[in-house]
Amino acid sequence: MRLVSLAAALGAWQLLAGLKVDLWLRFSQFPTVADVARTFADRLSGPDYWTDLTDSLTRILTGFLLAAVLGVATGVLVARSRLAEDLLGPVLEVVRPIPAIALVPVAILLFPSNEQGIVFITCTAAFFPVLVSTRHAVRALTPVWEEAVLTMGGGRWRILGSVVLPGALPAIFGGLSVGIGVSWICVISAEMISGQYGVGYRTWQDYTVVNYAGVFVGMITIGVLGWVTSTAVELLGRRLTRWLPRPSYLPGARPPRPARGAAVPAPVSPTTKEVAPHDQLV
């Protein structure tokens with residue numbers, strides 16, 4: 001079904017662009033799927049595409065890893081310390097609504113190179129989703145768990161490693177999943193404004209020279225890279241939270257079939273209860 005939906009979308013694109021349909025939406029200037037595929041094949045055979053890909057991935061991974069470490073540490077600190085909340089909370093709440101792409105002039109003034117400025121913007125974009133999710137998750141933890149560790153002689157570091165971080169881990173990965181998507185949006189925008197290489201820079205250059213097929217190549221590349229990185233974050237989160245209960249349905253999975261010859265259990269009425277014999281209860 002997923003392949004069918006993708007093929008249907010590509011077929012509609014090819015049909016509307018090939019016939020140059022101009023009703024309310026104008027498809028006459030759109031390149032066809034075949035034009036984009038030819039441009040994509042030409043880009044793959046050249047060195048510039050792979051250089052742009054490497055630069056964008058280096059920027060996004062560097063900024064995202066910095067944001068993950070700083071966001072988790074700051075979120076735990078603000079949630080666990082009243083002093084840290086009083087000192088850092090007002091500043092963070094004032095800076096948080098500012099779009100990361102609006103910090104491009106600040107990055108140009110602060111950092112000696114455009115590369116460092118782009119990493120700073122990427123880090124800022126992912127920092128606040130991770131911070132907010134971590135802070136709320138730590139504050140929502142059950143106090144009984146911490147009291148149990150204290151009762152058994154554990155200290156602050158034991159509480160942090162055995163209660164706080166494992167308990168907040170599912171929400172932390174939720175923030176990381178949001179953060180990686182926001183990071184891609186901002187790194188592409190920053191490359192368009194102040195970059196020299198990268199997928200965003202190349203996409204903007206294609207737009208300025210009216211190479212619309214190249215623009216769509218950049219858009220597809222951004223979409224695929226964003227999907228791959230967000231899927232990697234999700235898989236890592238599932239790996240590290242294997243102790244969580246999982247639903248019986250997973251996307252793309254089929255329910256297991258009973259083995260051949262195995263007896264199928266009869267349906268049980270919700271009104272009837274099976275009562276164990278008295279000897280078994282004893």
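**Figure 1. Contacts and overall make-up of the predicted model.** Of the contacts in the protein with a separation of 6 or more, 70% join residues 24 or more positions apart. The model is predicted. Its secondary structure consists of 11 helices and 0 strands. Read from the N terminus, the order of elements is α-α-α-α-α-α-α-α-α-α-α. The protein has 282 residues, and 33% of them are buried. Its accessible surface is about 18600 Å². Carbon and sulfur atoms hold 67% of that surface.

**Figure 2. The ring pair Phe127 and Phe128.** A pair of aromatic rings is described by the distance of the centres and the angle of the planes. The protein has 8 aromatic pairs, counting rings whose centres lie within 6.5 Å. One of them joins Phe127 and Phe128. The two ring centres are 5.0 Å apart. The planes meet at 80 degrees. This pair is edge-to-face because its angle is over 60 degrees. Phe127 has a relative accessible area of 12%, so Phe127 is buried. Phe128 has a relative accessibility of 10% and is buried too.

**Figure 3. The ring pair Trp204 and Tyr207 in helix 9.** The ring centres of Trp204 and Tyr207 lie 5.4 Å apart. Their planes stand at 35 degrees, so the pair is tilted. Both residues belong to helix 9, which spans residues 199–208. They are 3 residues apart, about one turn of the helix. Trp204 is partly exposed, with 39% relative accessibility. Tyr207 is also partly exposed, at 46%.

**Figure 4. An aromatic cluster.** Four residues make up one aromatic cluster: Trp13, Phe27, Phe30 and Phe216. Trp13 falls within helix 1, residues 2–18. Phe27 and Phe30 sit in the loop between helix 1 (2–18) and helix 2 (33–44). Phe216 falls within helix 10, residues 212–240.

**Figure 5. Thr74 and its contacts.** Thr74 is part of helix 3, residues 47–80. Its relative accessibility is 16%, so Thr74 counts as buried. The cut-off for buried is under 20%. Which residues does Thr74 contact, leaving aside its neighbours within four places in sequence? They are Leu88, Leu92, Phe127 and Leu131. Phe127, the buried ring with 12% relative accessible area, also pairs with Phe128.

**Figure 6. The largest cavity and its lining.** Rolling a probe the size of a water molecule over the atoms shows where empty space is left. A search of the whole structure turns up 1 cavity of 30 Å³ or more. The largest cavity holds about 40 Å³ of space. Its lining consists of Val104, Ala107, Ile108, Phe111, Ser113, Asn114, Gly117, Ile118, Ile121 and Ser194. Two or more lining residues come from each of helix 5 (104–110) and helix 6 (114–139). Which helix gives the most to the lining? Helix 6 does, with 4 residues. By type, the lining of the largest cavity has 6 nonpolar residues, 4 polar residues and no charged residues.

**Figure 7. Thr231 and Ser177.** Thr231 sits in helix 10, which runs over residues 212–240. With a relative accessibility of 25%, Thr231 is partly exposed. Along the chain, Thr231 and Ser177 are 54 residues apart. Their C-alpha atoms are separated by 8.4 Å.

**Figure 8. Positive phi at Lys20 and Val210.** Both views show a loop residue other than glycine. Lys20 has a phi near 55 degrees, a positive value. Lys20 lies in the loop between helix 1 (2–18) and helix 2 (33–44). Its relative accessibility is 52%, so Lys20 counts as exposed. Val210 has a phi near 60 degrees, again a positive value. The loop that holds Val210 runs between helix 9 and helix 10. Is Val210 buried or exposed? Val210 is exposed, with a relative accessible area of 53%. The cut-off for exposed is over 50%.

How values were computed:
Residues are numbered from 1 along each chain as its sequence is written. This is a predicted model: local features need pLDDT of at least 70, side-chain atom pairs count only at pLDDT 80 or more; totals for chains, interfaces and linings use all residues. Side-chain values use heavy atoms; hydrogens and water are left out. Rings of Phe, Tyr and Trp (its six-membered ring) pair if their centres lie within 6.5 Å; planes under 30 degrees apart count as stacked, over 60 as edge-to-face and the rest as tilted. Buried means under 20% relative accessible area, exposed over 50%, partly exposed in between (1.4 Å probe, protein chains only). Contact means heavy atoms within 4.5 Å. Accessible areas come from the Shrake-Rupley method with a 1.4 Å probe; for residues, only the protein chains shown count as cover. On a 1 Å grid over the protein atoms alone, a cavity is a set of points where a 1.4 Å probe fits but cannot get out, and a pocket is an open set with protein on both sides within 12 Å along at least five of seven lines; lining residues have an atom within 4 Å of a point. Grid points are joined across faces, edges and corners, and a volume is the space filled by probe spheres set on the points. Ala, Val, Leu, Ile, Met, Phe, Trp, Tyr, Cys and Pro count as nonpolar, Asp, Glu, Lys and Arg as charged, and the others, Gly among them, as polar.
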